[in-house]
Amino acid sequence: MKHYGLIVLGSGSAARDGAAKAAQQCGASVALVESTRWGGSCPNVACKPTKAYLVVAELVHDVNELGEKLGLDVGPARIDLARVKARKDSLKKGDQKWMEDLQSAGFDTYGGMAELMDAGTIRVGDEELTAERILVATGSRTAVPPIEGIDDVDWIDHVSALELTELPESMLVVGAGPVGLEFAQIFARFGTRITVVQGASRISPRSDAQATEVLQAALEDDGIEFVLSSTVKSVRRDGDEVVAAVGALDGDASMEVRATKVLLASGRAPNIEGLHLEELGIEHERAGIVVDEHMRTSVEGIWASGDVTGRYQFTPIAQYQARIAVDDMFGRDGQTADYDVLPTTIFTEPELAGVGLTEEEAREEGIECETVSHDIKHVQRSSYKEQKRGLYKIVYETGTRRVLGLHIVAPNAGDIVGGFSLGLRLGATVDDLAAMHHVFPTFGEGVKAAAEQAMPQPVEMAAICN
């Protein structure tokens, strides 16, 4: 029975960062156990490959919609999905290469489903391993909603959609969060007819409401149809199509949607099978394993991080949580988890990015606040690509004028918001944003233009400069 300073369940972003920190900074012997795909979701079936598809979708759109206007003599761009997939596959490392790299870094690797036997023992197949510490970083997978007949149709998700080699004629996307919206736009721009069904009254309900309005309009410009405040009640196969019965949340089905493919993107489920959480007394909820601000579970000696906790399922957060867990388990004076200033992005085109409180959240918390906004059409850079849809919105506290939130719908909005998140952490005011220098012509200058609307006498520079 081999003994380790740390056993990590999983090999994704949280697992690798935690393992590296434990080995390099704490001198621990580390083993990683993986049941599905070495390297985890992000480089294999999520962040990296999906963004590669988004780049192709944007190029197709620009060639077909802007090429002639910009003076390019090109024919219409057409998608060869098999070749798009082949290039995506070329960007990935295979399982064997992942294992070799991890072993070269000094880690032992074990393939198979891990069973938690107790706070210090893991079973993988016929092998038992012991450790002083265990980090659960097993990730998550697509949650299958309770739709009548869903098990009888060949639904796809963000993983299997990336394996398609023929373009579907039509697609029903269930869910309008980041994954659903990104895939809806990808396939719409590839040429698939897209219908998105969303239970909430608007897309991306965690984002600022005004920002989601603008993004929805941009996606509708791509031909995407949205059915909001509705759910898919049932699905059935009819020849080459799937027929979905759709209706209001608390009502019967009122319409049918026919599609050749159904893509599920309405939520995530934690990978906790085999962990014996109930038997070991590890507290968990539907979203995942419950952890405190140090990433400790309810059982001493076991920590959890990443998607399996159900908290803020983003790659940087998984890495952040794993580092906090390692600091705690090795008695280092580390930080505790803080998500107050967390930049996020939906990688559609335009992107929707935000950091801090939305206007709705600020008012719900009883904060007296004001907002200012600026339309992207007044930003010079937008004219070069005929960018018609976009928004820069600042939420700030009345009195102190401290910026509470920044919400942007624009190309590269994530890059813009990421930089400004430091300003929110340091307590920047809307006056600070108005007074700062900016680069012209960039999409980022829209933030300054929005902030200027909060000045006693707004400076209408856009009309002058444009």
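# A tour from Thr-121 outward

Select Thr-121 to begin: at a relative accessible area of 11%, Thr-121 is buried. This is a predicted model. Thr-121 sits in strand β6, which covers residues 121-124. Now show what surrounds it. Beyond its neighbours up to four places away in sequence, Thr-121 touches Glu-115, Leu-116, Glu-128, Leu-129, Thr-130 and Ile-134.

**The cores**

Keep Leu-116 selected. Leu-116 is among the residues with the most contacts inside the largest nonpolar core, along with Ile-7, Leu-9, Val-30, Val-136 and Ile-289. That core holds 53 residues. Color helix α9, residues 315-329, next; this helix gives the most to the core, with eight residues. In soluble globular proteins, nonpolar side chains tend to be buried together.

Center on Ile-289. Which residues does Ile-289 touch, not counting those up to four places away in sequence? The list is Val-136, Ile-272, Leu-275, Leu-277, Ile-282, Glu-283, His-284, Thr-297, Ala-304, Val-308 and Thr-309. Apart from the largest core lies another, of 34 residues. To find this other core, select Leu-54, Val-196, Leu-215 and Leu-263, which are among its members.

**A nonpolar patch outside**

Switch to a surface view. Select Leu-70, Leu-72 and Val-74, which form a nonpolar patch on the surface. Together they have about 280 Å² of accessible area. Leu-72 is in the loop between α3 (47-66) and α4 (81-90). Its relative accessibility is 46%, so Leu-72 counts as partly exposed, short of the over 50% needed for exposed.

**The cysteines**

How many disulfides does a search of the whole structure find? There is one. Select Cys-42 and Cys-47: the disulfide joins these two, with an S to S distance of 2.4 Å. The torsion about their S-S bond is about -130 degrees, so the disulfide is left-handed. Cys-42 is buried at 17% relative accessible area, whereas Cys-47 is partly exposed at 28%. Now pick two other cysteines. Cys-26 is partly exposed, at 24% relative accessibility. Cys-369 is buried, at 7%.

**Salt bridges**

A search of the whole structure finds 33 salt bridges. Start with Lys-2 and Asp-108, whose side chains meet at 2.9 Å, N to O. Lys-2 lies in strand β1 (residues 2-4) and Asp-108 in strand β4 (residues 108-111), so the pair ties together parts that are 106 residues apart in sequence. Both ends are partly exposed: Lys-2 at 44% relative accessibility, Asp-108 at 25%.

Go to Arg-133 and Glu-132. In this salt bridge the closest N and O atoms are 3.4 Å apart. Buried or partly exposed: which describes Arg-133? Arg-133 is buried, with a relative accessible area of 15%. Glu-132 is partly exposed, at 48%.

Select Glu-256 and Arg-236 next. Their side chains meet in a salt bridge at 3.6 Å, N to O. Glu-256 is in strand β15 (residues 253-259) and Arg-236 in strand β13 (residues 230-238), so the pair ties together parts 20 residues apart in sequence. Glu-256 is exposed at 51%; Arg-236 is partly exposed at 42%. Then select Lys-85, Lys-88, Asp-89, Lys-92 and Glu-163, joined into one network by salt bridges that share partners.

**Last stop: Glu-386**

Find Glu-386 in the loop between β21 (369-375) and β22 (391-397). Glu-386 is partly exposed, with a relative accessible area of 39%. Leaving aside neighbours within four places in sequence, Glu-386 is in contact with Leu-66 and Lys-69. Finish by drawing a C-alpha to C-alpha line from Glu-386 to Asp-101: the two are 45 Å apart in space and 285 residues apart in sequence.

Notes: Residues are numbered from 1 along each chain as its sequence is written. This is a predicted model: local features need pLDDT of at least 70, side-chain atom pairs count only at pLDDT 80 or more; totals for chains, interfaces and linings use all residues. Side-chain values use heavy atoms; hydrogens and water are left out. A nonpolar core is a set of buried Ala, Val, Leu, Ile, Met, Phe, Trp, Tyr and Cys residues joined through side-chain atoms within 4.5 Å. Buried means under 20% relative accessible area, exposed over 50%, partly exposed in between (1.4 Å probe, protein chains only). Helices (H or I, at least four residues) and strands (E, at least two) are DSSP runs, numbered from the N terminus. Contact means heavy atoms within 4.5 Å. Patches are made of residues with over 30% relative accessible area and no salt bridge: like charges are joined within 9 Å, nonpolar side chains (Val, Leu, Ile, Met, Phe, Trp, Tyr) within 5 Å. Accessible areas come from the Shrake-Rupley method with a 1.4 Å probe; for residues, only the protein chains shown count as cover. A salt bridge is a side-chain nitrogen of Lys or Arg within 4 Å of a carboxyl oxygen of Asp or Glu. A disulfide is a pair of cysteine sulfur atoms within 2.5 Å.
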